[in-house]
Amino acid sequence: MILYPAIDIRGGQAVRLMQGDYDQQTLYDADPVVAARRWAGDNAKFLHVVDLDGAKAGQPMNLELVRKLVANVGGCPVQLGGGLRDLAWGEAAVKAGVERVGGVAGGLSPPPEAERDSANPPADNMPSRMRTMRSARFMALSSGVEKMKV
């Protein structure tokens with residue numbers, strides 16, 4: 001079993017929400033990079049980061065902070081969620097250095113050109129942005145129940 005320490009970012013800080021309630025927030029670290037370094041220093045195998053501002057806004061709001069976090073964890077892989085509701089934002093997260101991206105959003109699906117062609121292996125007929133997402137092991141839940149594999 002691999003445990004993924006979670007760092008939830010809101011307002012540039014590492015916080016925890018009580019049962020997802022934005023009005024009931026506990027501050028854990030003023031600087032999420034410090035929290036990430038601590039987890040990585042304790043031999044975390046992966047870090048799970050959630051952009052709570054992004055989740056609320058519908059698009060990532062803390063990618064620069066995530067980029068800084070990734071650069072300061074000594075190679076510990078990071079997966080990111082929060083506001084990643086389309087492939088362009090997922091690709092931006094990958095460019096920020098995250099290893100995995102994911103989202104929970106109704107209607108998230110691969111573009112039509114990514115549909116599998118039985119004559120070609122999936123990687124051969126995917127557009128470049130889908131290959132990028134595939135290499136980052138993009139995971140998404142459509143309406144919270146259906147897995148999309150690319």
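Here is a walk through the fold, from its overall layout to its core and one of its helices. Keep in mind that this is a predicted model.

Start with the big picture. The protein is built from five helices and eight strands, and reading from the N terminus the order is β-β-β-α-β-α-α-β-α-β-α-β-β. Of its 150 residues, 43% are buried. If you take the contacts between residues at least 6 apart in sequence, 58% of them join residues at least 24 apart. On the outside, about 8,400 Å² is exposed, with carbon and sulfur atoms supplying 50% of that area.

Now look at strand 1, residues 6-10, which has partners of two kinds. With strand 4 (residues 47-51) it pairs in the parallel sense, over four bridges; Asp8 has Val50 as its bridge partner there. With strand 2 (residues 13-18), strand 1 runs antiparallel, and three bridges join the two. Arg10 stands opposite Gln13 in that pairing. The hairpin formed by strand 1 and strand 2 has two residues between the strands, and Gly11 takes a positive phi near 60° in it.

Next, step into the largest nonpolar core. It holds 25 residues, and those touching the most other members are Val49, Val73, Val78, Leu80 and Val98. Strand 1, helix 1 (32-41), strand 4, helix 3 (63-71), strand 5 (78-81) and helix 4 (87-95) each give two or more residues to this core. Helix 3 makes the largest contribution, with five residues. To see how one of these core residues is surrounded, pick Val98: setting aside neighbours within four places in sequence, Val98 contacts Val66, Val70, Val78, Leu80 and Ala93.

Helix 1 deserves a closer look. Which of its residues are buried? They are Pro32, Val33, Ala35, Ala36 and Ala40. Viewed down the axis of helix 1, these buried residues fall within an arc of 160°, so they line one face of the helix. And what covers them? The cover includes strand 1, strand 2, strand 3 (21-29), strand 4 and helix 3. Strand 1 thus turns up again here, among the elements covering helix 1.

The two ends of helix 1 are worth a glance too. At the N-terminal end, Asp31 acts as a cap, with a side-chain oxygen 2.9 Å from the backbone nitrogen of Val33. Val33 is itself one of the buried residues of the helix. Just after helix 1, you'll find Asn43 with a positive phi of about 70°.

Terms used
Residues numbered from 1 in each chain as written. Predicted model: local features only at pLDDT ≥ 70, side-chain atom pairs only at ≥ 80, totals over all residues. Heavy atoms only, no water. Buried < 20%, exposed > 50% of the residue type's maximum accessible area, 1.4 Å probe, protein only. Contact = heavy atoms within 4.5 Å. Areas by Shrake-Rupley, 256 points an atom, 1.4 Å probe, with all protein chains shown as cover. Pairing = 2+ DSSP bridges. Core = buried A, V, L, I, M, F, W, Y, C linked by side-chain atoms within 4.5 Å. Arc of directions from axis to C-beta. Polar contact = N/O pair within 3.5 Å; in protein donor to acceptor, adjacent residues only side chain to side chain.
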